[in-house]
Each structure stands twice: as structure tokens, then as C-alpha cells.
Amino acid sequence: MPYEPPTHSVERSLRATLGVRIVAGIDEVGRGAWAGPVTACAVVTGLRRPPEGLTDSKLLTVKRRTAMAGQLADWVTDHALGHASSEEIDELGMTEALRLAAVRALEGLSVVPDAVILDGKHNYLGDSWQVRTVIKGDQSCVPVAAASVIAKVRRDAQMAELGLEYAAFGFAENAGYPSPVHRAALQEWGPTPYHRLSWAYLDSLPRWRHLKKVRNIIDEADGSEQLGFDF
């Protein structure tokens, strides 16, 4: 499918208007999953030409995405991943969990960025960082596109490892996201230690509904991302 390759235009704009030098792109994966962490990747690329075919991870096949992640590991100037666990998501809500994962990724870089490009329209990092949000930044911005690929491949691999322990849930195929296999396993076996127990899918599991955790924190991001059993 034809697509417009990502560019460095946002980085150039930040350099010109704010006088910054080091810009990191951040993307996350796992926001809508029933199980597993939410994972953020922070990437610094400079203004070099990216590998051919780089785009949002969701637009790449598994084979192409995996190959691209291998290319990017050697091409990027710097990158790091951060995770927020299912327990942290239950306790803090998705917005704060996203912030936690992103901050952990940024703190894992070898240099402190002067500015950050976030995919989407919501600045979940807050005022502690110089942030530019970009809708569909994972398609249009080089460092964000790179972050989307690396984050997706690394989280998928992590979920596949969990799938060795919980084979019935199909984590190697669904990465903890809703799927018929995942739904059937939940009905039969209930949630694993890696499931998010504050999420709406538990409302449709009479045998396991007593496990649901209720948070006093209202987080609008949670409701917009969750899928129940009628997905």
C-alpha cells in the first residue's frame, strides 16, 4: 500500500522555534490490551535519512516489522524502552501508567532530550518535558515511527514468552489483546497474574467478576481504550 514516508519536519521545527538540539520521539503499545504491560519506546535519530520502508508499525507485516526493528537497532542514535505493569495500570489508571512508561524510557536514554515528540493529541508526559504532540506521528515523524516499530516488536516478544507459561491464552498470537482464543481462555481459566483486573472485560465473566479491582481515580483514557467481550 502506498504511503508517505515519515520526515524530520517536526524536529526541524522544534530546533528552529525552540533552539533545541536533541529531540526524542515516543510511541507506546499495549494500551488496549487485556493483559501485559503498556510499553513506551523513546528514540533519538538525529536528522539522518531513515531506513527505506519505515512507517507506523501497524502498517507493516509481522515479517517486515521484525526486520525493520533489527535495522533500527543499529541505525538509531539512541533508544530505550519503559514499561508499566498490569498492576501499575490497575492502581494508577492508563494515563498515569503511560506517563510512567514514557518517563522510564526517557530516563533509559544515554542523553537527556531537550524536547519530546509524542504520538497522538494528548500530552500524558505533563509539564516536566518540552512536548510536541503530533496526531499520527507514528506515520509522519521519523523518530516516532521508529519508536512504534521497536516498541511493538519488543512487547510482542515479551508477550510470546508469557505465552509459553499460559498457552491457552494465545499470547504469542494476540499479544494480550482481545481475541476469540483469549476470550475463551478467560471464561474457562480466569485472568492470569498478567491481566488488568480493573478493566471492563471482567464484567462479562460471572465466575471471575469478584476479582475485579475498583479504582477511585477517574481516568477518561481507560474507558476509551478498553474493549469488553462484545468487541
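## Strand 1 and its partners

In this predicted model, A24 of strand 1 stands opposite V116 in strand 4. The two strands run parallel and are joined by 4 bridges.

On its other pairing, strand 1 meets strand 2 in the antiparallel sense, over 6 bridges. Here you can look for G25, whose bridge partner in strand 2 is V43.

## A buried strand

How many residues of strand 1 are buried? The count is 7 of the 7, so the strand is largely enclosed by the rest of the structure. Both of its faces are covered. V23, G25, D27 and V29 are buried on one side, and A24, I26 and E28 are buried on the other.

## The whole sheet

Let's step back to the full sheet. It is open, has 5 strands in the order 3-2-1-4-5, and its pairing is mixed. Strand 3 (78–84) and strand 5 (131–134) each have a single partner strand, so one side of each is left without a neighbour in the sheet. From one strand to the next, the twist averages 20 degrees.

Strand 5 pairs with strand 4 (residues 115–119) in the parallel sense, over 4 bridges. Within this pairing, L118 has T133 of strand 5 as its bridge partner.

## Helices on the sheet

Helix 1 (residues 9–18) packs on the sheet and touches strand 1 (23–29), strand 4 and strand 5. Its direction makes about 150 degrees with that of strand 5.

Helix 6 (residues 142–165) lies across strand 1, strand 2 (38–44), strand 3 and strand 4. Helix 6 runs at about 40 degrees to strand 1.

Note on methods
Residues numbered from 1 in each chain as written. Predicted model: local features only at pLDDT ≥ 70, side-chain atom pairs only at ≥ 80, totals over all residues. Heavy atoms only, no water. Pairing = 2+ DSSP bridges. Axes fitted to C-alpha atoms, helices over the stretch in contact; angles between N-to-C directions. Contact = heavy atoms within 4.5 Å. Buried < 20%, exposed > 50% of the residue type's maximum accessible area, 1.4 Å probe, protein only.
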